[in-house]
Amino acid sequence: GDDCYISANSHIGSGVIIKNGVKIGDGSTVGADSFYHYYDDGLHEFNGLGTVIIEEDVSIGNKTIIQRGTFSDTIVGARCKIGNLIDIGHDVVIGHDCKIVSQTGIASNVRIRDYVTIYGQVGIANNICIGEKAIVFAKSVVTKDVNDGQHVSGMYAMDHVEELKLQAKLRRL
């Protein structure tokens, strides 16, 4: 795309599509082979059919890895802000205007809808859907779908208010 900035020591894999106004930080990899190990004949590893599509005006931080799709494309929607040290797995689709803060790991086949905020050090398991305008607070582990507008936190990403009540009860023990 036009008006893009790709910093030093970054790697862009073959077939990756980068649209206008994208910024990629130092040492990032866009289009890394997916971490999916399938051997088509027991000998030859299959690295995938998909690619990575980065939509307009996306900002990607330093040392972030975005894996190419295995069976479909990995997509980062327009105007997303992706922080430093993030690993986005294969076949992930991120909607537009999302913010994902540093040190987050997003496993394969995750769907993140529009206007989602994911704070730092979050882990998101395979095949999860995060609903539109949802917020996942820092250091959460998301193991089930998150509804539109829901705020979740904690080890098993439960409703944020319920997690705070649980933590208060534990402190009183």
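**Close-up 1. Leucine 173 and its nonpolar surroundings at the surface.** In this predicted model, leucine 173 sits in the segment that follows α1 (160-172). Is this residue buried or exposed? Leucine 173 counts as exposed because its relative accessible area is 85%, and the cut-off for that word is over 50%. Leu173 also belongs to a nonpolar surface patch, which it makes together with Met158, Leu166 and Leu170. The patch covers about 420 Å².

**Close-up 2. Serine 28 in its loop.** Now let us turn to a loop residue. Serine 28 lies between β4 (23-24) and β5 (29-32), in the loop that links these strands. With a relative accessible area of 0%, serine 28 is buried, since the limit for buried is under 20%. Which backbone atom does its side chain reach? The serine 28 side chain comes to 3.3 Å from the backbone oxygen of glycine 25. Leaving aside residues up to four places away in sequence, serine 28 touches Asn9, Ser10 and His11, and also Ile60, Gly61, Asn62, Lys63 and Thr64.

**Close-up 3. The six-stranded open sheet and its β17-β20 pair.** Here the strands take centre stage. The sheet is open, its strands pair in parallel, and their order reads β3-β8-β11-β14-β17-β20. Which strands form the edges? They are β3 (17-18) and β20 (129-130), each of which pairs on one side only. Strand β17, residues 111-112, runs parallel to β20 and is joined to it by two bridges. Within this pair, look for arginine 111, which stands opposite cysteine 129 of β20.

Definitions and conventions. Residues are numbered from 1 along each chain as its sequence is written. This is a predicted model: local features need pLDDT of at least 70, side-chain atom pairs count only at pLDDT 80 or more; totals for chains, interfaces and linings use all residues. Side-chain values use heavy atoms; hydrogens and water are left out. Helices (H or I, at least four residues) and strands (E, at least two) are DSSP runs, numbered from the N terminus. Buried means under 20% relative accessible area, exposed over 50%, partly exposed in between (1.4 Å probe, protein chains only). A polar contact is a pair of N or O atoms within 3.5 Å; within protein, one must be able to donate a hydrogen and the other to accept it, and residues adjacent in sequence count only if both atoms are side-chain atoms. Contact means heavy atoms within 4.5 Å. Patches are made of residues with over 30% relative accessible area and no salt bridge: like charges are joined within 9 Å, nonpolar side chains (Val, Leu, Ile, Met, Phe, Trp, Tyr) within 5 Å. Accessible areas come from the Shrake-Rupley method with a 1.4 Å probe; for residues, only the protein chains shown count as cover. A salt bridge is a side-chain nitrogen of Lys or Arg within 4 Å of a carboxyl oxygen of Asp or Glu. Two strands pair if DSSP finds at least two bridges between them.
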